[in-house]
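Dear colleague,

I am handing over the structure below, together with a summary of what was found in it. Please look through it first, and then read on.

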Amino acid sequence: MGENYSAKFFNGRTSLVEVFSLFPNVSDTGDLRYTQDLSAATKLKNWLSWQVTFSDLFTNYPRPGLKDNDTILSTGLRLTFGKGKF
């Protein structure tokens with residue numbers, strides 16, 4: 001199960017997208033994992049945008065030697081060729 005949210009701000013130049021997904025184990029009710037992604041992109045020019053993404057990945061029973069939670073923060077430039085949809 002999960003949910004998605006998206007919105008545009010500042011006259012459509014900035015977009016925000018959030019996705020949350022929960023994966024319960026139906027055969028072992030105490031076991032679950034979830035993912036959550038949050039991205040924001042700001043259009044600098046018609047062909048150039050700046051994007052920031054935060055991701056959180058969690059499992060309550062990781063494999064031996066692995067962590068139960070991963071967090072990722074990334075940023076970069078987005079190039080649009082042609083008439084891409086923002």
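Does Leu77 count as buried or exposed, and what is its relative accessibility? The question is put to a predicted model, and I come back to it once the strands around that residue have been laid out.

The sheet

Five strands make up an open sheet, and they follow one another in the order 1-2-3-4-5 with antiparallel pairing. Its edges are formed by strand 1, covering 2–9, and by strand 5, covering 69–79, each of which pairs on one side only. From one strand to the next, the twist averages 10°. As a general matter, the strands of a sheet pair through backbone hydrogen bonds, and they may do so in a parallel or an antiparallel manner.

Strands 1 and 2

Strand 2 consists of residues 14–24, and eight bridges join it to strand 1 in an antiparallel arrangement. Among the bridge partners found here, Asn4 is matched with Val19 of strand 2, while Tyr5 is matched with Glu18, which also belongs to strand 2. The hairpin made by strand 1 and strand 2 has four residues between the strands, and in this hairpin Phe10 adopts a positive phi near 50°.

Strands 3, 4 and 5

Strand 3, residues 32–43, and strand 4, residues 48–59, run antiparallel and are joined by eleven bridges. They form a hairpin in which four residues lie between the two strands, and within the pairing Ser39 stands opposite Thr53 of strand 4. On the next pairing, eleven bridges join strand 4 to strand 5, again with the strands running antiparallel; one of the matched pairs is Asp56 with Thr71, the latter being in strand 5.

Back to Leu77

Leu77 is placed in strand 5, one of the two edge strands of the sheet. Setting aside the neighbours within four places in sequence, Leu77 is in contact with Leu48, Ser49 and Trp50. The C-alpha atoms of Leu77 and Leu48 are 7.0 Å apart, although 29 residues separate the two along the chain. As to the opening question, Leu77 counts as exposed because its relative accessibility is 62%, and the class of exposed residues begins over 50%. Leu77 is thus both a residue with contacts to Leu48, Ser49 and Trp50 and one that falls in the exposed class.

With kind regards

Terms used
Residues numbered from 1 in each chain as written. Predicted model: local features only at pLDDT ≥ 70, side-chain atom pairs only at ≥ 80, totals over all residues. Heavy atoms only, no water. Pairing = 2+ DSSP bridges. Axes fitted to C-alpha atoms, helices over the stretch in contact; angles between N-to-C directions. Buried < 20%, exposed > 50% of the residue type's maximum accessible area, 1.4 Å probe, protein only. Contact = heavy atoms within 4.5 Å.
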